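User: I would like a close look at a single part of this protein, followed by an account of how that part sits within the rest of the chain. Please treat the matter in one connected answer.

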Amino acid sequence: MPHLLAALDHDRGAVLAQRAVPDKGSEIPELTCLLAPMDLTDTVVTADALHCPRGTAAWLTGRGADYLLTVKANQPGLRNALKRLPWAKVPAHSYRDRSHGRKVTRTIKAIEIPDWIDRPGAAQVAQVRRTRIIKGRKHVEVVYVVCSVPMSEASPAKIAAWIQGHWHIEVRHEALCFRMEVRDPIAWLSQQPGRS
């Protein structure tokens, strides 16, 4: 399966740019290469946990963008700090989804980021709990996100929409590779019009 990194416009559902990650290469530096030609002013960039390091947040805010970055086990110190926040006292926003043959309840709680959590430009953090019922079995996943958009401008519902919008790119990549039988993404990209 090719390893592709793409920028997707959530509102239009359009892929704006795409880049192959070299074999055995890291996706982290490719993000800035992918986004560098774009005007990021007043945009919100969403990215998965791989792109949560401080450098990515600093680069994005330096380009005039806001961000929503997922925090998982690859940032253990930050994840543990977020996990210890008083989430039980935070009001929750929940919604349900019954698509794709499963029942999913998503609960999101958001608070202003505490001063002792040092992330460039960060304004709020959120806890997202996904409870899925698949074939009668219950699965619970809890993830955290760090966002540079203040709570006054991005409610928990808005954060939830950005998170869900982010995963559309994963579906598009899988469908593209399956339909086109792309085996060598670097060769394929180099053969596309306007590519050298």
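Which residues in H3 are buried?

Analyst: The model discussed here is a predicted one. In H3, the buried residues are Leu 78, Ala 81 and Leu 82. Around the axis these residues cover an arc of only 95°, which puts them on the same side of H3. The general geometry accounts for such a pattern: an α-helix has 3.6 residues a turn, so residues three or four places apart point the same way. The cover over the buried residues of H3 includes E4, E7 and E8. These three strands therefore serve as the starting points for the rest of this description, since E4, E7 and E8 are among what covers the buried residues of H3.

The setting of the helix comes next. The protein chain contains six helices and eight strands. Read from the N terminus, its elements follow the order β-β-α-β-α-β-α-β-β-β-β-α-α-α. Of the 196 residues in the protein chain, 43% are buried. Contacts between residues at least 6 apart in sequence join residues at least 24 apart in 52% of cases. The protein chain exposes about 11400 Å², of which carbon and sulfur atoms supply 51%.

Strand E4 may be taken through one of its residues, Thr 70. Thr 70 counts as buried, at 12% relative accessibility. Apart from its neighbours within four places in sequence, Thr 70 is in contact with Ala 47, Asp 48, Ala 49, Cys 52, Tyr 144 and Val 145. One of these partners, Tyr 144, belongs to strand E8.

Tyr 144 also leads back towards H3, through an aromatic pair. The structure holds one such pair. Its members are Trp 87 and Tyr 144, in a tilted arrangement with 6.0 Å from centre to centre and 35° between the planes. Trp 87 is placed in the loop between H3 and strand E5 (93-97), whereas Tyr 144 is in strand E8, so that the pair links parts of the chain 57 residues apart. Both rings belong to buried residues: Trp 87 has 5% relative accessibility, and Tyr 144 has 4%.

The segment on the other side of H3 in sequence is tied to strand E8 by charge. In general, side chains of opposite charge can pair when their charged atoms come close. Glu 141 and Lys 72 meet in a salt bridge, at 3.9 Å from N to O. Glu 141 is in strand E8 (residues 137-147), and Lys 72 lies in the loop between strand E4 (66-71) and helix H3 (76-83), 69 residues apart. Lys 72 is partly exposed, with a relative accessible area of 33%, and Glu 141 is likewise partly exposed at 33% relative accessibility.

Glu 141 has a further partner. A salt bridge joins Glu 141 to Arg 130, with the closest N and O atoms 3.0 Å apart. Here strand E8, which holds Glu 141, is linked to strand E7, which holds Arg 130, and the two residues are eleven residues apart. Arg 130 is buried, with a relative accessible area of 14%. Lys 72, Arg 130 and Glu 141 are thus linked in a network of salt bridges.

The count for the structure comes to three salt bridges. Another of them lies between Asp 118 and Arg 54, whose closest N and O atoms are 3.0 Å apart. Asp 118 is in the loop between strand E6 (103-112) and strand E7 (124-134) and Arg 54 is in helix H2 (residues 54-62), so this pair ties together parts that are 64 residues apart in sequence. Asp 118 is exposed, with a relative accessible area of 52%, while Arg 54 is partly exposed at 38%.

As to covalent links between cysteines, a search of the whole structure finds zero disulfides. Cys 33 counts as partly exposed, at 38% relative accessibility, whereas Cys 147 is buried, with a relative accessible area of 1%.

To return to the part requested: H3 places Leu 78, Ala 81 and Leu 82 on the same side, and E4, E7 and E8 are among the elements that cover its buried residues. The loop between E4 and H3 contributes Lys 72 to a link with E8, and the loop between H3 and E5 contributes Trp 87 to another link with E8.

Conventions. Residues numbered from 1 in each chain as written. Predicted model: local features only at pLDDT ≥ 70, side-chain atom pairs only at ≥ 80, totals over all residues. Heavy atoms only, no water. Salt bridge = Lys/Arg side-chain N within 4 Å of Asp/Glu carboxyl O. Helix = DSSP H or I, 4+ residues; strand = E, 2+ residues; numbered from the N terminus. Buried < 20%, exposed > 50% of the residue type's maximum accessible area, 1.4 Å probe, protein only. Arc of directions from axis to C-beta. Contact = heavy atoms within 4.5 Å. Areas by Shrake-Rupley, 256 points an atom, 1.4 Å probe, with all protein chains shown as cover. Phe/Tyr/Trp six-rings, centres within 6.5 Å; stacked < 30°, edge-to-face > 60°. Disulfide = S-S within 2.5 Å.
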